[in-house]
Each structure stands twice: as structure tokens, then as C-alpha cells.
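Student: I'd like to go through this one with you, one question at a time. Can we start as soon as it's on screen?

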Amino acid sequence: MADNPFIDITIPLYNEEKRIEASVRKLIRFLRESAFPYRYELTLANNASTDGSRRIIESLAKEFAQIKVINLEKKGKGLAVRTAWSKSGADILVFMDADMSSDLEFLRPLVDGVISGKCDLAIGNRLGPSSRVYSRRVARKIVSRAYNIAARIFAGTRVADHQCGFKAMRRESFLKILPFAEEDGYLFDTEWIALSSRQGLKVCPVDIIWYDDLDSKVMLIDDSLKVFKSLLKLRRRLARHPRS
């Protein structure tokens, strides 16, 4: 890896006109004030937004040289991140959710775990011994824990938290799993964790502080039923990819 590795921080977004500008400015301000030591760019991956998101992010790209924009015609968080990472030439690929629920103070530990070679894929962990989660929604916590148990059973993973929107990966490691990655929706990071494990890559949880987003678009009952059905499909797909 280069002495001064290049970091791509991708933010996938769909109809985020109410908060994307504030989130991006918060991230840029953090990177500057924390003296983030690595070269970086921000990729705003707009997956078929129908509101004013595209206008906002293209305006931000004109204001900040570090920002690039990708506009997709098809909806899908997984598709957005996969497309952005596939186009990136950065050494380390990061993605985080547009709501900035993960405490940005943990960005450096996430990235350093990959740069050091300790991890091929570093994943934010809301369920670790030193993690802290600030949430008033008990039902969401229950559904999240149920999902993680199901993911370990159906995808054969060993991590506690699959879907925290805060992950970093070595580019060469991403390219190893890319030919097998098929999930365009919210299950994409569970698929990537499972594929990484099957490829013999090192997956490392990083305990974080996480603040629940009260404006989340996730519908607990409808989305949960849909996700569990998708887990069954994922299990069948993974069966086609034996462990290396």
C-alpha cells in the first residue's frame, strides 16, 4: 500500500434532500478539524432519487473539489455502493449512511484497521462490548438483533452486526468479491461479509457509538418480512460459491 493511502468515502443516497447537504458539510468539517491524515475524496452515489437530491449534491460538488457525484437510474443502496467502489481507484474504500448515525470519531480506527493490514474488511459494530447505541426505539433493536441472528444462520457469518452503515475495505479485497456480489438492496453488506469470509479475507468488527435516526425510512414490519425472504435467497446464492 502507498505511504499516503488514498481514501474514497462513499455516501449512497435516495431522496435525501432534507439532510444530505448538512451531512456532507458535517463530514467535511470533521475531516478538516480532526486533521484526517490521508488523501480522500467523497463520492455521493445518488440512486434514482426523485426529489431535489441531485441538484443539491451537484451544487456541493461545484463548491468542494473533494466531492464527485454518481447518478444512477436504478434504485438500490447496494447497487449504489458497488458502482461507486467499482469506479474508484482509491486504496481504501469506505461507505457510510447519509444520516451520519455512526460517530465520526470512529472513522479513523475503521480506516486504520484496513491500512495496517489487520483487516481486509472493517465493519462498524453496534453490538460490541465497548459499543454504545443511543436509541429510543425498542422494537427496532429487537428486529435488528433478530436479523443478525438470522444472518449468522443463513449466511454462515460470525459477526455480531451485519448492517451498520459504516464499513471500510481494501480495494484489492473488494475486487476479489466483486464478481460474486449480486445484491442491489439493503442486504448487500451482509452478502459482502459472507463472501469475504468465504474468500478467506479478514473481517474485523470495530466497536462504535451510534445514534438512532428517528427519520429512518425503514418500515419495521414490511421491510423485516422482505429482508428475511431475501436472506433465504442469499443462502441459495452463497451455496454456489464454495469457501476458498
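**Helix H4 and its surroundings**

Tutor: Let's begin with packing: the buried residues of H4 pack against strand S1 (6-13), helix H1 (20-33), strand S4 (92-96), strand S5 (121-125), strand S7 (166-170) and strand S8 (203-207). Keep in mind that this is a predicted model.

Student: Which residues of helix H4 are buried, and on which side do they sit?

Tutor: Helix H4 covers residues 107-115, and its buried residues are Leu107, Leu110, Val111, Gly113 and Val114. They span an arc of only 155 degrees around the axis, so they end up on the same side of H4.

Student: What residue follows H4, and what is its phi?

Tutor: Look just past the helix, where the backbone has a positive phi. The value is near 90 degrees, and the residue is Gly117.

Student: Is Gly124 buried or exposed?

Tutor: Gly124 belongs to strand S5. Buried means under 20% relative accessible area. Gly124 has 0% relative accessibility, so it counts as buried.

Student: What does Gly124 touch, leaving out residues up to four places away in sequence?

Tutor: One contact is Leu110, which is among the buried residues of H4. The others on the list are Asp161, Cys164, Phe166, Lys167, Val206 and Ile208.

Student: How far is the C-alpha atom of Gly124 from that of Ser34?

Tutor: Along the chain, Gly124 and Ser34 are 90 residues apart. In space, their C-alpha atoms are separated by 19 Å.

**Salt bridges**

Student: Which parts of the chain does the salt bridge between Glu41 and Lys68 tie together?

Tutor: The closest N and O atoms of Glu41 and Lys68 are 3.3 Å apart. Glu41 is in strand S2 (residues 39-47) and Lys68 is in strand S3 (residues 67-72), so the pair ties together parts 27 residues apart in sequence. At 16% relative accessibility Glu41 counts as buried, whereas Lys68, at 26%, counts as partly exposed.

Student: Where do Arg237 and Glu182 lie, and how many residues apart in sequence are the parts they tie together?

Tutor: Their side chains meet in a salt bridge at 3.8 Å, N to O. Arg237 sits in helix H8 (residues 220-238) and Glu182 in the loop between helix H6 (171-177) and helix H7 (188-198), so the parts they tie together are 55 residues apart in sequence.

Student: Which residue of helix H7 also pairs with Arg237?

Tutor: This salt bridge is 3.2 Å, N to O, and it links helix H7 to helix H8 across 46 residues. Arg237 is buried, with a relative accessible area of 14%. Its partner counts as buried too, at 1% relative accessibility, and that partner is Glu191.

Student: Which residues are linked in a network of salt bridges?

Tutor: The Arg237 pairs we've just covered involve Glu182 and Glu191. The full network links Glu182, Glu183, Glu191, Arg237 and Arg240.

Student: And how many salt bridges does the count come to?

Tutor: We've only walked through a few of them. The count comes to 16 salt bridges.

**The cavity**

Student: What lines the largest cavity, and what is its volume?

Tutor: The structure holds one cavity of 30 Å³ or more. The lining is made up of Met96, Asp97, Asp99, Met100, Ser101, Ser102, Leu104, Gly165, Phe166 and Trp210. By class, that's five nonpolar, three polar and two charged residues. The volume is about 50 Å³.

Technical notes:
Residues numbered from 1 in each chain as written. Predicted model: local features only at pLDDT ≥ 70, side-chain atom pairs only at ≥ 80, totals over all residues. Heavy atoms only, no water. 1 Å grid on protein atoms, 1.4 Å probe; cavity = no way out; pocket = protein on both sides within 12 Å on 5 of 7 lines; lining within 4 Å. Points joined across faces, edges and corners; volume = space filled by probe spheres on them. Nonpolar A, V, L, I, M, F, W, Y, C, P; charged D, E, K, R; others polar. Salt bridge = Lys/Arg side-chain N within 4 Å of Asp/Glu carboxyl O. Helix = DSSP H or I, 4+ residues; strand = E, 2+ residues; numbered from the N terminus. Buried < 20%, exposed > 50% of the residue type's maximum accessible area, 1.4 Å probe, protein only. Arc of directions from axis to C-beta. Contact = heavy atoms within 4.5 Å.
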